[in-house]
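Biologist: I'm new to this one, and I'd like to learn how to read it. Could you take me through it feature by feature?

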Amino acid sequence: MAFKSLKLSLFLFLALFFASSLAELPQHKETGMTLYFQDYSGGPNATVIEITGPANDGLLAFTKFGTIFCTDDPITEGIDRESREIARAQGLYVTSALDGSNTHVLISVVFNDEEFKGSTLEIQGTSAQFERVREVAVVGGTGIFRLARGYATFETIHYDPSLHHAIIQCNITVLHY
Ligand SMILES: *[C@@H]1O[C@H](CO)[C@@H](O)[C@H](O)[C@H]1NC(C)=O
Ligand SMILES: *[C@@H]1O[C@H](CO)[C@@H](O)[C@H](O)[C@H]1NC(C)=O
């Protein structure tokens, strides 16, 4: 009898505990944004360089397995490279498929202007680098993006070989508190 009532009170306690912790859990917010990476893969102001050493022709070996790149692309709010910079894409790319088709992306979107200033998003995963649209996971964040998770799509919408300049449209969808 005593055992039964102990079980009952334990059950009530747990039920109350779960009810109150559910009530206190803040709701997830969903944030979506479209950003533009201004990527310079050559020239005096390159924003992506090959750490493992460029080949003799001076071109970056994007398809060579094991090649590592470091990047610091300006991110603008509009397509135009002269439009306002709101973040930087800082991190690494590693050509991670033997046949050169995939690159492993490890970048932080470091917001430096406007409403997200001081916050970051962490993008990590494999990217089918020669597909028109690449999708990579968003695995975390800081500041207003604490505990973020979601996904990002990348699409190269402009390339000017004379300037080594590519504009990559990046759509991000994240859940965060
Ligand atoms: C590189 O950056 C410097 C300093 O900001 C600038 O004066 C120069 O015009 C840039 N060069 C090119 C090719 O964009
Ligand atoms: C990204 O978002 C823009 C609108 O902001 C849309 O036109 C474009 O199709 C989207 N790209 C992808 C790959 O979903």
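Modeller: Sure, and let's start with a term: a polar contact is a pair of N or O atoms within 3.5 Å; within protein, one must be able to donate a hydrogen and the other to accept it, and residues adjacent in sequence count only if both atoms are side-chain atoms. Here, an oxygen atom of ligand 2 is 2.4 Å from an N or O atom in the side chain of Asn171. Thr34 also has a polar side-chain atom 3.0 Å from an oxygen atom of ligand 2.

Biologist: Before we go on, what should I know about the model and its numbering?

Modeller: This is a predicted model, in which local features need pLDDT of at least 70, side-chain atom pairs count only at pLDDT 80 or more, and totals for chains, interfaces and linings use all residues. Residues are numbered from 1 along each chain as its sequence is written, chains are lettered from A and ligands numbered from 1 in the order in which they are written, and side-chain values use heavy atoms, with hydrogens and water left out.

Biologist: Which residues are around ligand 2?

Modeller: A residue counts as near a molecule or strand if one of its heavy atoms lies within 4 Å of it. Around ligand 2 that gives Thr34, Val133, Thr153, Glu155, Gln169 and Asn171. On its own, ligand 2 has 360 Å² of accessible area, and the protein covers 45% of that. Such areas come from the Shrake-Rupley method with a 1.4 Å probe; for residues, only the protein chains shown count as cover.

Biologist: Which elements give two or more residues to that shell?

Modeller: Elements are DSSP runs numbered from the N terminus: helices (H or I, at least four residues) and strands (E, at least two). For the shell around ligand 2, they are strand E8 (149-160) and strand E9 (165-176).

Biologist: How do the shell residues divide by type?

Modeller: The sorting rule is that Ala, Val, Leu, Ile, Met, Phe, Trp, Tyr, Cys and Pro count as nonpolar, Asp, Glu, Lys and Arg as charged, and the others, Gly among them, as polar. The shell around ligand 2 has one nonpolar, four polar and one charged residue.

Biologist: Let's look at Val133. Is Val133 buried or exposed, or something in between?

Modeller: Buried means under 20% relative accessible area, exposed over 50%, partly exposed in between (1.4 Å probe, protein chains only). Val133 counts as partly exposed because its relative accessibility is 38%. You'll find Val133 in strand E7 (residues 133-142).

Biologist: And what does Val133 touch?

Modeller: Contact means heavy atoms within 4.5 Å. If you set aside neighbours within four places in sequence, Val133 is in contact with Thr153, Phe154 and Glu155. Val133 and Glu155 are 22 residues apart along the chain, yet their C-alpha atoms are separated by 4.9 Å.

Biologist: Strand E9 came up earlier. What about Val174, which is in that strand?

Modeller: Val174 is buried, because its relative accessible area is 1%. Not counting residues up to four places away in sequence, Val174 touches several residues, including Leu121, Val138, Phe145 and Ala148. Gly140 is 34 residues from Val174 in sequence, and the two are 9.1 Å apart in space, C-alpha to C-alpha.

Biologist: Which side chain does His176 join in a polar contact?

Modeller: That partner is Thr31, at 2.7 Å. The His176 side chain also reaches the backbone oxygen of Ile144 at 2.9 Å. His176 is found in strand E9 as well, and it counts as buried because its relative accessibility is 2%.

Biologist: Where would I look for positive phi angles?

Modeller: Try Leu147, which isn't a glycine but has a positive phi near 65°. Leu147 is in the loop between E7 and E8 and counts as exposed, because its relative accessibility is 59%. His164 isn't a glycine either, and its phi is positive at about 55°; this residue is in the loop between E8 and E9.

Biologist: How many disulfides are there?

Modeller: A disulfide is a pair of cysteine sulfur atoms within 2.5 Å, and a search of the whole structure finds zero. As for the cysteines, Cys70 is partly exposed, with a relative accessible area of 33%, while Cys170 is buried at 0%.

Biologist: Last one: how many helices and strands does the chain have?

Modeller: The chain has one helix and nine strands. Of its 177 residues, 36% count as buried.
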